[in-house]
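Q: Hi! I'm new to reading protein structures. Could you walk me through this one?
A: Happy to, let's take a look together.

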Amino acid sequence: MCEYKCGGCSGGISAKGCTKHADKLNTYDWLADLPDNESVCNIVEVQFKPPRKGFFINANNLDLVKGDVVAVEGNPGHDIGTVTMTGRLVPIQLKKANLKPGTELKKIYRKARQVDLDKFQEAKAREHATMIESRQIAKDLGLKMKIGDVEYQGDGNKAIFYYIADERVDFRQLIKVLAERFHVRIEMKQIGARQEAGRIGGIGPCGRELCCATWLTNFVSVSTSAARFQDVSLNPQKLAGQCAKLKCCINYEVDQYVEALKRLPSREIVLYTIDGEYYFFKADILNHYITYSTDKHVLVGEQTISARRAFEVINMNRAGEKPASLLEEHEEPSNASLDLLDQDNIDRFDSKRGHGGRRDSGRRRDRRKSDRK
């Protein structure tokens, strides 16, 4: 068994747990080192064109390891896939996939032969041209749908057409035309906009590859309330991802913000001081600082205080008392500008001392010239 050493540790990682696949569906088999791991369970996980995976029964007791290319039972015919998991970890994946005990699974026929691989490569080479032509056929039929991808079965006798549609589509005529044109069995499978973005891939505004194309497999619904909890600007252009839906990353930290908001006073509460009334303007939720304004709509006479101080003022107001100022006695008002429009000012990168610096450098050059004379 080949082992790779981890950087900075004395342990080893078994090469059995690795695979040549580097996509988001790859799962490291951390139980591959255990003795008789493959013989514990006769069910094998097989991956096809991402994101399609399936579980098959190793009825012929083949000696299969992760990375083997196998021919499996199709509908009809056979399909070609790669073994991605065997042994003790498969039952855990079955629970994750919500497959109930007693579910009828298809069989693994054999390890793929050279003839199977040649036919498989020939079928794969037709996928792109089939997708382009099928889009034109759907357009000619006047169907409001988009065919995003095509996947041929390993034996080339069946093709799966992945499509996107906002409304219910009657594609019975489309199936007839596609079957006559490509001479294969047709299966239509609808996917969402997020699934299509994951299949195509791309770079997000964060500068990294899309989450849906690298690791995200379960797509949870995203609502604008998650953006409101985080005080994110409700700008559709900034909140929408490349799939034209709300970004999945909006949900990543919303739980922390919801928990932090419980430690802040309500935005509807008005703070009263001897000088006047203060209204909520904005909050630094994670640092527990709140900015209040003397006007409900415009930032005027702003005062930034901690959440602890805000609760103190609220308790004083409830007791019928008004402090002299929102700030505590040892605090001083900040002169820094809190105007949010300054963030979009085109001159914010210009140095205020830029011209003066150039004049000073010019004077220095004149002095050097006079000294040389």
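**Cysteines, strands and a surface patch**

Q: How many disulfides are there?
A: The count is zero disulfides, and keep in mind that this is a predicted model.

Q: Why is Cys-212 not in a bond?
A: Its closest cysteine sulfur belongs to Cys-248 and is 6.4 Å away, which is too far for a bond because a disulfide needs the two sulfurs within 2.5 Å.

Q: And what about Cys-249?
A: Cys-249 is in no disulfide either, with the nearest cysteine sulfur, in Cys-211, 6.4 Å away.

Q: Are those two buried or exposed?
A: Cys-212 has a relative accessible area of 11%, so Cys-212 is buried. Cys-249 is partly exposed, because its relative accessible area is 42%.

Q: New topic: which way do strands S4 and S7 pair?
A: Strand S4 (residues 53-57) pairs with strand S7 (residues 106-111) in the parallel sense, over two bridges. Within that pairing, Phe-56 of S4 is opposite Lys-106 of S7.

Q: How is S5 joined to S7?
A: S5 (residues 69-73) and S7 run antiparallel, with three bridges between them. Val-72 has Ile-108 in S7 as its bridge partner.

Q: Okay, the surface now. Which residues make the nonpolar patch?
A: Tyr-28, Trp-30 and Ile-92 make a nonpolar surface patch of about 340 Å².

Q: Where does Ile-92 lie?
A: Ile-92 is in helix H2, which covers residues 89-96. Its relative accessibility is 46%, so Ile-92 counts as partly exposed.

Notes: Residues numbered from 1 in each chain as written. Predicted model: local features only at pLDDT ≥ 70, side-chain atom pairs only at ≥ 80, totals over all residues. Heavy atoms only, no water. Pairing = 2+ DSSP bridges. Helix = DSSP H or I, 4+ residues; strand = E, 2+ residues; numbered from the N terminus. Buried < 20%, exposed > 50% of the residue type's maximum accessible area, 1.4 Å probe, protein only. Patch = residues over 30% accessible without salt bridge, like charges linked within 9 Å, V, L, I, M, F, W, Y side chains within 5 Å. Areas by Shrake-Rupley, 256 points an atom, 1.4 Å probe, with all protein chains shown as cover. Salt bridge = Lys/Arg side-chain N within 4 Å of Asp/Glu carboxyl O.
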